[in-house]
Amino acid sequence: KPRIDKELLSEYSEGLICLSSCLQGEIPQLILDGHIDLAKEAVEFYQHLFGDDFYLEIQRHGIDRQEKIIPPLAQFAEDHGVKLVATNDSHYLKREDAGAHDILLCVGTQSKVSDTNRMRFDGEEFYLKSAEEMAELFHDFPEAIFNTLEIAEKCNLEIELGGQHYPIYTSADHSDINADGYLEELARQGFQQRYGDSPSAEIEERLATELKVIVQTGFSNYFLVVWDFVRWAKDQGIPVGPGRGSAAGCMVSYCLGITNLDPIEYGLLFERFLNLERVSPPDIDIDFSDDRREEVITYVREKYGEDSVCRITTFGKMAAKLAVRDVARALSHTYAEADEIARLIPEGPNVTLKGAMSEVAALKKLINSDPRKRELMDIALKIEGT
């Protein structure tokens, strides 16, 4: 689980606003365990570190332990001049979503609603409350409501979008190079190897045009970095794919040995990969053998720095049939009951439960024939797409 120690927090505390957290936080846990003196020391530590940017957090989700820690927190606030702030954990949008959220927890933990010993949330107060609801809930601590606005007004972060932040290609001897010039030099060397000494004027013009576009769009370093780790992989005997996607239409990639498909022979268009009318970052998909891919990633990380390398992820969404089957399992429906409904949902990537209900009369009739099936579908409609 993500964590941070106080030493690291002390080193990088500047610019941060710190709240004392929910029941699971250090200070609330010390209070609940009866260690008031240690809780006081923790308050003093964070106050010293963050000054006016440290707030003591209070919550009310109908949990007895939350009410138990509010008086000591309020006393700490008064004694140490630390402001209180009222917050609400929001795990779903509306109060009526509590049941669907509980089902989703069951799906994620492979448990059933009927299981007595499973992960669950106490009550149905973990929704996005309105300002009016929060003001009423903390009527005895109005300042804790006002301080949420104070925190919001303190936040000032500007993220520049649209800029390029690619790592800079580093030569073997770490000497300074002109990226545009070096890219052209490498591309023309590879061009001669790929097309011989007497290429047609059309092919010559294609290379010159591609290089011009790459330089104008500022992606020379990008190409050099990719060329660098592909070349390294091949030198280590690591199998590298021939190229796929729009990058296969780039002659410069072919001349650099990044790809191994001749775009001229196959009539592939460079403009699908990069063009001046719609400048977007180039995407060079490269396949390395599964058992040695990690070596290439390690090489890039060590050469260009940990902060220049990251993994990307793919988020899967819960499709219509899967939502029905998972909810059925969580509600302890039999496989046959779930299958009876799922089989009536059409196949296809864009099928939704709402659409299926309106288009398939048999499905609508089946759902409306049984309150248990109606409940199943109502919940599946809510978690579909998560």
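A salt bridge here is a side-chain nitrogen of Lys or Arg within 4 Å of a carboxyl oxygen of Asp or Glu. With that in hand, please turn to Asp 339 and Arg 343: their side chains meet in a salt bridge, with 3.0 Å from N to O. I should say at once that we are looking at a predicted model.

The two partners in this pair sit in unlike surroundings. Asp 339 counts as buried, because its relative accessibility is 17%. Arg 343, by contrast, has a relative accessibility of 58%, and therefore counts as exposed.

How many salt bridges are there by this rule? The count comes to 27. Some of them share partners, and in that way Arg 95, Glu 124, Glu 125 and Lys 129 are joined into one network. As a general matter, side chains of opposite charge can pair when their charged atoms come close.

Allow me to take two further pairs. In the first, Glu 67 forms a salt bridge with Arg 60, and the closest N and O atoms are 2.9 Å apart. Glu 67 is partly exposed, at a relative accessible area of 38%. Its partner Arg 60 is buried, at 13%.

The second pair is Asp 102 with Arg 118, where the closest N and O atoms of the salt bridge are 2.8 Å apart. Which parts of the chain does this pair tie together? Asp 102 belongs to helix H5, residues 98–109, while Arg 118 lies in the loop between H5 and helix H6, residues 131–137, so the salt bridge links parts that are 16 residues apart in sequence. Asp 102 and Arg 118 are both buried.

I now move to the sheet. Three strands form an open sheet, in the order E1-E2-E3, and the pairing is parallel. E1 and E3 are the edge strands, each of them pairing on one side only. In general terms, strands of a sheet pair through backbone hydrogen bonds, either parallel or antiparallel.

Strand E1 covers residues 18–19 and is joined to E2 by two bridges, the two strands running parallel. Here Leu 19 stands opposite Tyr 55 in E2. On the other pairing, four bridges join E2 to strand E3, residues 83–86, and these strands also run parallel. Tyr 55 stands opposite Lys 83 in E3, and Leu 56 stands opposite Leu 84, again in E3. To go from E2 to E3, the chain passes through helix H4, residues 64–80, and this β-α-β crossover is right-handed.

Is strand E2 enclosed or open to the outside? All five of its five residues, 54–58, are buried, so E2 is largely enclosed by the rest of the structure. In a regular strand, side chains alternate between the two faces of the sheet. In E2, Phe 54, Leu 56 and Ile 58 point one way, whereas Tyr 55 and Glu 57 point the other way, and every one of these residues is buried.

Helix H4, the connecting helix of that crossover, also contains His 80. His 80 is buried, with a relative accessible area of 17%. Its C-alpha atom is separated by 8.4 Å from that of Gln 47, although the two residues are 33 residues apart along the chain.

Next, the cysteines. How many disulfides does the model contain? The count is zero. A disulfide would require two cysteine sulfur atoms within 2.5 Å. For Cys 18, which is in no disulfide, the nearest cysteine sulfur is that of Cys 22, 13 Å away. Cys 22 is likewise in no disulfide, its nearest cysteine sulfur being that of Cys 18. As to their surroundings, Cys 18 is buried, with a relative accessible area of 14%, while Cys 22 counts as partly exposed, at 22%.

My last point concerns the surface. Which residues make the nonpolar surface patch of about 320 Å²? They are Ile 4, Leu 8 and Tyr 12. Tyr 12 lies in the loop between helix H1, residues 6–11, and strand E1. Its relative accessible area is 54%, and Tyr 12 is therefore exposed.

To close, I return to two points. Strand E2 is largely enclosed, since its five residues are all buried. Asp 102 and Arg 118, which form a salt bridge, are likewise both buried.

Notes:
Residues are numbered from 1 along each chain as its sequence is written. This is a predicted model: local features need pLDDT of at least 70, side-chain atom pairs count only at pLDDT 80 or more; totals for chains, interfaces and linings use all residues. Side-chain values use heavy atoms; hydrogens and water are left out. Buried means under 20% relative accessible area, exposed over 50%, partly exposed in between (1.4 Å probe, protein chains only). Two strands pair if DSSP finds at least two bridges between them. A crossover is right-handed if, with the strands pointing away from the viewer, the path from the first strand over the helix to the second runs clockwise. Patches are made of residues with over 30% relative accessible area and no salt bridge: like charges are joined within 9 Å, nonpolar side chains (Val, Leu, Ile, Met, Phe, Trp, Tyr) within 5 Å. Accessible areas come from the Shrake-Rupley method with a 1.4 Å probe; for residues, only the protein chains shown count as cover.
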